[in-house]
Amino acid sequence: MSALPSMSGHHAAGAEAYDVVVVGAGFAGMYMLHRLRGQGLKVRVYEQGGDVGGTWYWNRYPGARCDVESMQYSYSFSDELQQEWNWSERYAPQSEILRYVNHVADRFNLRPDIQLSIRVDRAVFAESTNTWSVTTSDGKTVTTNFVVLATGCLSNARVPDIKGLPDFKGQVYHTGHWPHEPVDFTGLRVGVIGTGSSAIQSVPVIAEQARHLTVFQRTANFSIPARNAELTSEEREAFRKNYPEIRRFAREESRNGIYAELPDRGALDDGDNARRAKYEQRWTKGGLTFMLAYNNLILDKAANDSAAGFVREKIAEIVRDPETAKRLQPEDHPIGSKRICVDTEYYATFNRPNVTLVDIKSDSVEEILPNAVRTRSKDHEIDALVLATGFDAMTGSVARIELRGREGRTLNQKWVEGPKTYLGLMSEGFPNLFIITGPGSPSVLSNMIVSIEQHVDWITEAIAFMRERGLETMEASREAEDRWVAHVNEVAHATLYPQANSWYMGANIPGKPRIFMPYIGGVGVYRRTCTEVAANGYEGFVMSAAERAQKMAVSS
Ligand code: NAP
């Protein structure tokens, strides 16, 4: 326990008082709790799910796995933990990741401070006391000095507004909100709407069970084989022995939080044969690092075209029906400008006699009938419908909470033209409100665990800094925030990313402002920026002592 007093000095009488309220008990909220408790702070975590795990609690669809290898998609803060946990596969399935999260909750005794099945509905900042009042779905209100939003970037499942959907007589599932009981599609005709990462993982598994599977595709996506396999004990040992360097590299030098060999040249620096050999090598190795074949794939359109062309050729080789292959070949965005998908037998699944691909860009969905999906040209009869239609990403979960900062202004009002933050960590006008992996930070462009740990450590240190100096509020300055938002956009627009209609841009939500949300500058670069900001006395943030505390200090 810290020798410093708890901060809950100015709270209104009556309400339960905390130093910090954390919203969400996924990877971010759990580690945040662990660190803050280590500082002797009184912390309460609210989690709307029935258990810990966040994304891994909700996304239970068939075939769900992470697209970052498990030896790297895992906490690094405890060496004992990383040495003792045995990942079974290169990409562990969702159930194993959830077991790991639960193991962490137990091992670090986190559960007593986590309240499950409770949603945070509103949080209001009181300028008179510099505290937040947090109201939860059970009707209770508590006060707290700090609020940390650990609400996840992809946690607000989005059900599209398709005519007739409520009248469909079979079961409707959303990949991001999957039932806890096993779903059995045996003997059923199943429809899947969407062809993003979630669909690409679930389609091959559903196809094996269903009598017939119809995949409704609006936009084709690039997918690279995962080459998932059991991890041998030698492979696990190699990671464990080299963890100090692997983790250091991921945090400090990588762009995306993943330890991987970095390219030393651009795609056009190699001749055709050498380039093809390199892509072939990456394709055989599998996984997200395909995009690291060359150092300019996301910067230079001609370089990108060479990689995109390679993957299109692979699709044509795998998929036997030329019409289907053509439909599966993405043509409308550079490869990697949307998160690249990682699959097991996705394209080959379209060779099965029980699988049909419907291109709903040319043959659009008109409505859902009680027993079919009606597209312009025909009715596709189905017994069950899977919506793999994604999330209101990055801002969706935050937007669902009524957050009122200074002068009663809500964060939704402030973000009406797109999210504005300083470093993705705080938004001006909302003192003592931190966001873990918020818009404006590398977040979804990185190995989330690396970015989560960096933010949690930074926030923990900022709070400790304030406590040591008797400071009561911290907030982003308008000027620093404006500069950061401009920088995030400038960096994004120097790449090919904005050329895609992706959820990075909010383009998947009708009416959502188009602003590039994650920070592309790279995990290592971003980390250095945050560290320097802190070392310079939290440059760009305004910190202040309470007037009351100052008066007390003067009179004593
Ligand atoms: P997504 O990438 O947003 O994909 C949603 C899909 O649904 C797209 O194909 C989209 O088409 C389609 N869609 C949306 N609304 C539609 C409508 N009204 N009518 C027809 N089609 C519609 O969502 P996701 O697949 O759930 O993945 C989201 C992110 O989660 C990923 O990018 C990734 O970061 C993460 N994720 C990761 C993993 C993993 O680790 N392996 C797995 C799943 C998800 P358009 O493209 O035309 O909009």
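In this predicted model, a polar backbone atom of Thr195 lies 2.8 Å from an oxygen atom of the ligand. The contact involves the backbone of Thr195, whereas Gln201 approaches the ligand through its side chain: a polar atom there is 2.8 Å from a ligand nitrogen atom. The side chain of Arg218 also takes part, with an N or O atom 2.8 Å from an oxygen atom of the ligand. On its own, the ligand has 910 Å² of accessible area, and the protein covers 87% of this.

These contacts belong to a wider shell. The ligand is surrounded by 24 residues, and those that come nearest are Asp67, Thr195, Ser198, Gln201 and Thr219. Where in the fold does the largest share of the shell come from? Helix α5, which spans residues 197–209, supplies that share, with three residues. When the shell is sorted by class, nine residues are nonpolar, nine are polar and six are charged.

The reader may now turn to the second largest pocket. This pocket holds about 600 Å³ of space. Its lining is made up of 31 residues. Nearest the centre of the pocket are Asn256, Met291, Leu292, Ile298 and Tyr497. Which classes of residue form this lining? Of the residues that line the second largest pocket, 19 are nonpolar, nine are polar and three are charged. For the shell around the ligand, the corresponding counts are nine nonpolar, nine polar and six charged residues.

Terms used. Residues are numbered from 1 along each chain as its sequence is written. This is a predicted model: local features need pLDDT of at least 70, side-chain atom pairs count only at pLDDT 80 or more; totals for chains, interfaces and linings use all residues. Side-chain values use heavy atoms; hydrogens and water are left out. On a 1 Å grid over the protein atoms alone, a cavity is a set of points where a 1.4 Å probe fits but cannot get out, and a pocket is an open set with protein on both sides within 12 Å along at least five of seven lines; lining residues have an atom within 4 Å of a point. Grid points are joined across faces, edges and corners, and a volume is the space filled by probe spheres set on the points. Ala, Val, Leu, Ile, Met, Phe, Trp, Tyr, Cys and Pro count as nonpolar, Asp, Glu, Lys and Arg as charged, and the others, Gly among them, as polar. A residue is near a molecule or strand if one of its heavy atoms lies within 4 Å of it. A polar contact is a pair of N or O atoms within 3.5 Å; within protein, one must be able to donate a hydrogen and the other to accept it, and residues adjacent in sequence count only if both atoms are side-chain atoms. Accessible areas come from the Shrake-Rupley method with a 1.4 Å probe; for residues, only the protein chains shown count as cover. Helices (H or I, at least four residues) and strands (E, at least two) are DSSP runs, numbered from the N terminus.
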